[in-house]
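User: Hey, I'm new to this one. Can you walk me through it?
Analyst: Sure, here it is.
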Amino acid sequence: VSIFNEIEYKAQSRQLDQLARGDFSPILEELRKAYPRTSLPVRAIPFVQRYVTELSGVYSRPVVRRFQPTAMPTAMWQSLQAVYDASRIDRAMEAVEASLWTQNTALSVVIPDGIGRVRLLHIKPWQIERIEVDDAAKADDPRSWTLLEAMVPAGYVSGQVINGRLRLTPTMATREVGGKAVGIYSADGSHPFGRVPVAVAHRIAPDAGRPTPALNEAVLNLQVALSLQQADSELIVRHCAWPQKWIRNASIAQQVEELTHGPDKFLAMVKSGDPTQPGPELAIAQGFVPVAELVAFAEHQIRLYCSMLGLDPSNFMRSNTATTASARLFGAQDRAALRARLEPTLLQFEQDLVVLVAEVLSLRESMPFPRGLSVAVAWAVAEPSPDPQSEAQALSLEIANGTNSAADVVAKRAGISRAAALIIVQRNLDEARALAAEKTPA
């Protein structure tokens, strides 16, 4: 028997989900557990959000999709592209990409949203109540799932979100709305897909026999450590830096709880009747504040975790001027390479998604989509260069030698089709020739 702490797994998954969305209530819970007798303020350090921002972003620029087979009628793929645009699939895929970086997995259900539109219902691991499989050796493949139950929003009452159960099987699909179970794809809850209708992608492979992988605990641990350390450091600074006023050699008459003082006040400190005793003196005591040590410890943690997570730690330091521009560009290239490793996973998710979207549309649309539908995706990712001049010269040589195409370069940079890029290149060349002709003396 393999022992797995499901409660802790879901708790950490929900914490990552909340922190990635800017909700720092998990930090308050961690403060209460770490300091049960001390009231410390919540310090919202958005490390999880910054981590996602640094490594994601392939859907923040235009995305080109080519639906296949190529023999599909023009009106059909144009209709499918219109559905993608109306449904804002690119924005939905941003959430999928972010989930892959934090949760290491992404699950989405395609729900009809009127004529010509669909909606992606994202499911995080903490929402999953039960998954049943017919073959544990293929538990990570949703085609082997026989049941998926998850808690999803079912109502909104007085500012509170009421969750209900989503239930998916190879023949039925229902979810609770307003306290009642309603069918997702038909009134009676049935569907003709023959499998659990969900698109799933994993950034890392799950353990054998498990349907979902481990979470990105390193990001969660550093987020909690930084927030708790910041709150604790402020407490240390307040207790050490607070100046305590006191009277040395005070007499009995001066043993009071409060003493009026200030820059415009005079204090009369009376010497005791014993002439051999020293007179009273007003003094201020202040402890040593180890600010440099606290900052150095925090920076050490950031450097350690960032080096393991593929981030540039200089972006999180109080002073990053010591990092040269070339080092920053090479660091950006490393992050771009790390981001590119996720593209095959996103492409596999896009393949599963387009099949689901076409099947859902076929239930209501008059135009049936062909079987074997697939999609080729091109992301317009900005590639950093440590030497733009050398890169431009090398690109010119590649185009001149025929190993590269100007249209392909423009299409990749702008996130447009090759045909549209070819028009842009031709127009630019025509303008350049026209300008050269004007400058040539008659």
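User: Which way do β5 and strand β6 run, and how many bridges join them?
Analyst: They run antiparallel, and nine bridges join β5 to β6, which covers residues 160-168. Strands here are DSSP runs of E with at least two residues, helices are runs of H or I with at least four, and both are numbered from the N terminus. Two strands pair if DSSP finds at least two bridges between them.
User: Is this a predicted model, and what should I keep in mind?
Analyst: This is a predicted model, where local features need pLDDT of at least 70, side-chain atom pairs count only at pLDDT 80 or more, and totals for chains, interfaces and linings use all residues. Residues are numbered from 1 along each chain as its sequence is written, and side-chain values use heavy atoms, with hydrogens and water left out.
User: Okay, back to that pair. What is the bridge partner of leucine 148 in β6?
Analyst: That's leucine 168.
User: And how many residues sit between the strands in the hairpin of β5 and β6?
Analyst: Two, and in that hairpin serine 158 takes a positive phi near 50 degrees.
User: Which strand does β4 pair with?
Analyst: β4 (residues 128-133) pairs with β5 (residues 145-157), antiparallel, over five bridges. Glutamate 132 stands opposite leucine 147 in β5.
User: What about the loop between β4 and β5, where is serine 144?
Analyst: Serine 144 is found in that loop.
User: Is serine 144 buried or exposed?
Analyst: Buried, because its relative accessible area is 3%, and buried means under 20%, with exposed over 50% and partly exposed in between (1.4 Å probe, protein chains only).
User: What is serine 144 in contact with?
Analyst: Leaving aside neighbours within four places in sequence, the residues in contact with serine 144 include Glu132, Val133, Asp134 and Lys138. Contact means heavy atoms within 4.5 Å.
User: New topic: what's the order of the open sheet of three strands?
Analyst: The order is β3-β2-β9, with antiparallel pairing. The edge strands, β3 (118-123) and β9 (199-202), each pair on one side only.
User: How many bridges join β2 to β9?
Analyst: Four, with β2 spanning residues 105-112. Threonine 105 stands opposite histidine 202 in β9.
User: Zooming out, how many helices and strands does the protein chain have?
Analyst: Twelve helices and twelve strands. Of the chain's 442 residues, 35% count as buried.
User: And which share of contacts joins residues at least 24 apart?
Analyst: It's 65%, among contacts in the protein chain between residues at least 6 apart in sequence.
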